Amino acid sequence: MGAQDTTDLFFERLNADDRDGAVAILDDRVEMRIHVGESVQLLKGSERVGGWFKRADKGLRMMPGEDRKSTRLNSSHVSEFRMPSS
């Protein structure tokens, strides 16, 4: 499975409230940059990125951004999610 297919499956599981299933497919090299207002945080690795999703508010939804690299959460958060190819 390629990076884009993995990312699509991740978002599908996450948006179906299957956070554990979504996090289980993360590669250890995954990276996510989160923008909240003026603050930016870079998370690296499946434990940090997966932990962020597991702790997120109930009802979290991810929507692909215009460039398919960025996503918008259903709040004021914007993230850039990168799934490495295998």
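Biologist: Is serine 46 buried or exposed?

Modeller: In this predicted model, serine 46 counts as buried, because its relative accessibility is 17% and the cut-off for buried is under 20%.

Biologist: Where does serine 46 sit, and what does its side chain make a polar contact with?

Modeller: Serine 46 belongs to helix H3, and its side chain makes a polar contact, at 3.3 Å, with the side chain of aspartate 28. Leaving aside residues up to four places away in sequence, serine 46 touches Leu26, Asp27, Asp28, Val30 and Gly51.

Biologist: Changing topic, how many residues are in the largest nonpolar core?

Modeller: That core has 15 residues, and those with the most contacts inside it are Phe10, Met32, Val49, Trp52 and Phe53. Two or more residues each come from helix H1, helix H2, strand S1 and helix H3.

Biologist: How many aromatic pairs are there?

Modeller: The structure holds three aromatic pairs. In one of them, phenylalanine 10 and phenylalanine 53 meet edge-to-face, with 5.0 Å from centre to centre and 75 degrees between the planes. This pair links distant parts of the chain, since phenylalanine 10 is in helix H1 and phenylalanine 53 is in helix H3, 43 residues apart.

Biologist: And why is the pair of tryptophan 52 and phenylalanine 53 edge-to-face?

Modeller: The planes of tryptophan 52 and phenylalanine 53 stand at 90 degrees, with ring centres 5.1 Å apart, so that pair is edge-to-face; the cut-off for this is over 60 degrees. Both tryptophan 52 and phenylalanine 53 are buried.

Biologist: Which residues do the ring pairs link into a cluster?

Modeller: The cluster linked by ring pairs consists of Phe10, Phe11, Trp52 and Phe53.

Conventions: Residues numbered from 1 in each chain as written. Predicted model: local features only at pLDDT ≥ 70, side-chain atom pairs only at ≥ 80, totals over all residues. Heavy atoms only, no water. Core = buried A, V, L, I, M, F, W, Y, C linked by side-chain atoms within 4.5 Å. Buried < 20%, exposed > 50% of the residue type's maximum accessible area, 1.4 Å probe, protein only. Helix = DSSP H or I, 4+ residues; strand = E, 2+ residues; numbered from the N terminus. Polar contact = N/O pair within 3.5 Å; in protein donor to acceptor, adjacent residues only side chain to side chain. Contact = heavy atoms within 4.5 Å. Phe/Tyr/Trp six-rings, centres within 6.5 Å; stacked < 30°, edge-to-face > 60°.
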